[in-house]
Amino acid sequence: MAKLIAGGDSFVYGSELKGPAFPELVARELSWEYQNTAVPGHSNDGISRHIINACAESESDLVMVCWTFLGRYEFYINGKFRTVTPWSADENLEHTINKQFVNEDDSVRSHHIKQHREARESGLHEFAQSYYRYVGDSEYTEVYNTLMHIVRTQQYLETHNREYVFTAVHENVLGHAMKHYHDASIRALYDEINPARWFWFPKQLGFYTWAQDRKFPFATTHPLDSAHQEASKLLHQKILTSGFG
């Protein structure tokens, strides 16, 4: 049976959904086997690592990656890969949650607060504060880090003759690179990207911003099932017309 391997963060994992996320819906429409490597809160570093690991262990007919927000990073600390996000460094996470949650959900709120408490107890919070203060909060660092992992993944897939399609939760995953295109290091990476393998939602938006623009219903921070159902139809059509897989 043909197989689709998907990578991403909570949007691909299926957080707050009743049914499957859009890559799994595409696999079902194609009657393919499905492997999901997504992890909620994942960084682009982690997405790349999980996709490459999965492809090293398994054949696939199509790899679908939904790249996540800039500003998340992955580090190997004390024998474990850990993701740091701006929330990891936040001193007043409850206030941030109140501003960013579209709808209230005590279970989701409690989950994030518990994670934040664990980050404080482990020292990850202090590390994240230092990292964002000196390095991670720079848009240049966000862009360069993301481009490195996109290009690395693209090159791996092309070297191993894997069919693939990339998309993103937000159009700034690539859009912000153009603000730094004058820089030789950014330009060298950006020019390696194969635009024919990218899918953007209507109005050249990412999945998250497209769902906002279309006013699909949201849970706390995630578009609900109707957005995924419509997204899967658009991606399925892209796959059929582009000859991927």
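I count a residue as buried when its relative accessible area is under 20%. I start with H236, which has a relative accessible area of 15%, so H236 is buried. The model I am reading is predicted.

**Entry 1: the whole protein**

I looked up the overall make-up before going further. The protein has 12 helices and six strands. It holds 245 residues, and 53% of them are buried. I also checked how contacts spread along the sequence. I took contacts between residues at least 6 apart, and 74% of these join residues at least 24 apart.

**Entry 2: H236 and its partners**

Where does H236 lie? I found H236 in helix α12. Next I listed what H236 touches, leaving out residues up to four places away in sequence. The list is V26, E29 and L30. I then turned to helix α2, which covers residues 22-30.

**Entry 3: α2 against α12**

Two packed helices are described by the angle between their axes and the distance between the axes. I looked up both for this pair. Helix α12 runs over residues 225-242. The axes of α2 and α12 come within 8 Å and cross at roughly 55°. Are the two helices parallel or oblique to each other? The angle is neither under 35 degrees nor in the 65 to 115 range, so α2 and α12 are oblique. Their crossing is right-handed.

I noted the residues on each side. From α2 come F22, L25, V26, E29 and L30. They meet H228, Q229, A231, S232, L235, H236 and I239 in α12. By class, this contact has seven nonpolar, four polar and one charged residues.

I also recalled a rule about helices. An α-helix has 3.6 residues a turn, so residues three or four places apart point the same way.

**Entry 4: the buried side of α2**

Which residues of α2 are buried? I wrote down F22, P23, L25, V26, A27 and L30. These buried residues pack against several elements, including β1 (3-7), β2 (33-36) and β3 (62-67). Helices α1 (10-13), α11 (207-213) and α12 are on the list too. Just after α2 I met S31, whose phi is positive, near 60°.

**Entry 5: F22**

I picked F22 in helix α2 for a closer look. Its relative accessible area is 0%, so F22 is buried. Which residues does F22 contact, beyond its neighbours within four places in sequence? I found M64, C66, F207, H228, A231, S232 and L235. I then compared sequence and space for F22 and E230. They are 208 residues apart in sequence, but their C-alpha atoms are 8.2 Å apart.

**Entry 6: α3 against α8**

I moved to a second helix pair. Helix α3 covers residues 44-57, and helix α8 covers residues 139-159. Their axes come within 9 Å and cross at roughly 10°. An angle under 35 degrees counts as roughly parallel, so α3 and α8 are roughly parallel to each other.

In α3 the contact residues are N44, D45, S48, R49, I51, I52, C55 and A56. In α8 they are N145, T146, H149, R152, T153, Y156 and L157. By class, I have six nonpolar, six polar and three charged residues here.

**Entry 7: cysteines**

C55 brought me to cysteines. Its relative accessible area is 3%, so C55 is buried. C66 is buried as well, at 1% relative accessibility. A disulfide is a covalent bond between the sulfur atoms of two cysteines. How many disulfides does the model have? My count is zero, taking a disulfide as a pair of cysteine sulfur atoms within 2.5 Å.

Key. Residues numbered from 1 in each chain as written. Predicted model: local features only at pLDDT ≥ 70, side-chain atom pairs only at ≥ 80, totals over all residues. Heavy atoms only, no water. Axes fitted to C-alpha atoms, helices over the stretch in contact; angles between N-to-C directions. Helix = DSSP H or I, 4+ residues; strand = E, 2+ residues; numbered from the N terminus. Parallel < 35°, antiparallel > 145°, perpendicular 65-115°, else oblique. Left-handed = near helix turned anticlockwise from the far one by under 90°. Contact = heavy atoms within 4.5 Å. Nonpolar A, V, L, I, M, F, W, Y, C, P; charged D, E, K, R; others polar. Buried < 20%, exposed > 50% of the residue type's maximum accessible area, 1.4 Å probe, protein only.
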